[in-house]
Amino acid sequence: MDIQTDFLIIGSGIAGLMVALKVADSGTVAIVTKKQAVDSNTNLAQGGIASVFDQRDSFDLHIQDTLDAGDGLCNPDVVRQVVVGGPARIRELMEIGVPFNTEGDGPGENGGAPFDLGREGGHSRNRIVHAHDMTGREVEQVLLERARGNRNIRFYENHMAIDLITFSTRIKRGLVTTTHEDYCCGAYVLDRESHRVLTVGAGITLLATGGAGKVYLYTSNPDIATGDGIAMGYRAGATVANLEFVQFHPTCLYHPAAKNFLISEAVRGEGGRLMDAAGNSFMQRYDPQKDLACRDVVARAIDTELKRTGHDSVFLDISHRPAAFVRGRFPNLVEKCLAFGIDMTKEPIPVVPAAHYMCGGVVTDMFGRTDINRLYAVGETACTGLHGANRLASNSLLEALIYADAAARQAVTDLAANHKVAFPVIPDWDDVGTTDSDEQIMVAHNWDEIRRLMWNYVGIVRSDKRLARAQRRIDTIQNEISEYYWNFKVSPDLIELRNIATVAELIIKCAAHRKESRGLHYNIGYPDRDDRRWKKDTVIRRQIVG
């Protein structure tokens, strides 16, 4: 065994870092992250964290807004746990130095600082706690500083997890096989610099790898978001669910030089209006809440407008607000848009929808535990039951904080309960008979094809015919990847290709199974919601023989 630790955390966003800080007093922690620790979806989160602080707000209102957005599939117990726990977790962040904006509407029924509370689509009250328009970055920087200063936490940057290890894991030419009765005891990890596969043993393993936006051609996510935790969990035998519910953010900057740049929903929350190329507002035709409708409604409305008009983008306009206000509220957005020649204080911003957030994932209980013993999942990797069929804006960082706290407490208990159990002998990674790849074109071609077929056939609007086409093509691609994977040494690109192919296949299967339209899943052949048959999660578990 190359590395042995009490807690192995795969991922370095808000969820993984919070767990690391909370368990570090109880054991050694190894944080594996495939690039630099700061490279995470958290670091790009602009909007903020939804929580109840305003006197005109209440837990019940936040709960109802979350349930409404989730379109019938939220777990009410989970929603209450997350919403009620929010204020304490935000105060905790303030205490360790996160500089949230204050001097707003004042403390509500839960007391606390007088936050400057924003409002976003789907929320009935102002409740978005933020640090200007780069909340995620501020949170990430503070948590990273704390984690790097903790002697029990060690970072393994530029290391990529390949597969989870369970008690009865058997390795043959890189093929990992397990049984459902196993417990997790670590992971195989590729050191990107030495190209060596390390065996990492752990008492508790936690998946916190973020989302899967790179499965789609157009996304707001960074390049790291390849669904690694979902794919690894599924291959190990963990249950996954609700992967048909992919949230497309309505407003990503449309510019040939821009890459993955999100225009925060907070712009609409502060009065921004969506318009067509002729300068006409259109959201009133799609929802009574107009520009403050939930993301799924807005994304479909924009998609419809683009198909109807043939234009490349719609426009988001907040130039009617005072320029000083716009610059003060959105300093990062103003600066970024100016870099592309757009002055958002004077002119509208061209925007298009893009894949943004995965509402499904590895199924967990209310403590972050998966159905594989000693394996946890938190953050966007997990399916906790909070989001249902559609995530309410700014509930994601809130969920990460609540579940990091719950998972950390439970993981410490689980580690203590198992401390007398002898650690199993873990086989080393076996790549005997493999060679260095000389056909990188296979990786590049299939990577591109997967992302295009997902965008064209499994995007904002779906049909049975499109899903069937996608399934046939992904089957062929999976066969090509499998043949390639077992003959060549693993590489970062090959690991990510394998993962996006797995997640793409799971999204297609979930979408094809659900014969209705609900939340983020819209099938033109079944345009209505069907509570009688489909008010349930879409659950998939890999059939494992061994």
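**View 1. Helix 8 lies across the strands of an open sheet in this predicted model.** Helix 8, residues 295-309, lies across strand 12, strand 13, strand 14 (314-317) and strand 15. Against strand 12, helix 8 runs at about 60°. The sheet itself is open and consists of four strands in the order 12-15-14-13, with antiparallel pairing. Strand 12 (246-253) and strand 13 (273-275) stand at the edges. Each of these two has a single partner strand, so one side of each is left without a neighbour in the sheet. On average, and with direction ignored, neighbouring strands of this sheet are turned by 45° against each other.

**View 2. Strand 12 pairs with strand 15.** The two strands run antiparallel and are joined by six bridges. Strand 15 covers residues 349-358. Within this strand, A354 is the bridge partner of H249.

**View 3. Helix 6 is largely enclosed by the rest of the structure.** Helix 6 spans residues 228-236, and nine of its nine residues are buried, so the rest of the structure largely encloses this helix. The buried residues are D228, G229, I230, A231, M232, G233, Y234, R235 and A236. Just after helix 6 comes G237, which takes a positive phi of about 110°.

**View 4. Helix 1 is mostly covered.** Helix 1 is formed by residues 14-23, and eight of its ten residues are buried. The buried positions in helix 1 are I14, A15, G16, L17, M18, V19, A20 and V23.

**View 5. Q478 of helix 13 is a buried residue with contacts further along the sequence.** Helix 13 comprises residues 464-485 and contains Q478. The relative accessible area of Q478 is 17%; because the cut-off for buried is under 20%, this residue counts as buried. Leaving out residues up to four places away in sequence, Q478 touches A501, T502 and E505.

**View 6. L117 is a buried loop residue.** L117 is found in the loop between helix 4 (76-95) and strand 4 (128-129). With a relative accessible area of 4%, L117 is buried. L117 and I49 are 68 residues apart in sequence, and their C-alpha atoms are 9.8 Å apart in space.

Definitions and conventions:
Residues numbered from 1 in each chain as written. Predicted model: local features only at pLDDT ≥ 70, side-chain atom pairs only at ≥ 80, totals over all residues. Heavy atoms only, no water. Pairing = 2+ DSSP bridges. Axes fitted to C-alpha atoms, helices over the stretch in contact; angles between N-to-C directions. Contact = heavy atoms within 4.5 Å. Buried < 20%, exposed > 50% of the residue type's maximum accessible area, 1.4 Å probe, protein only.
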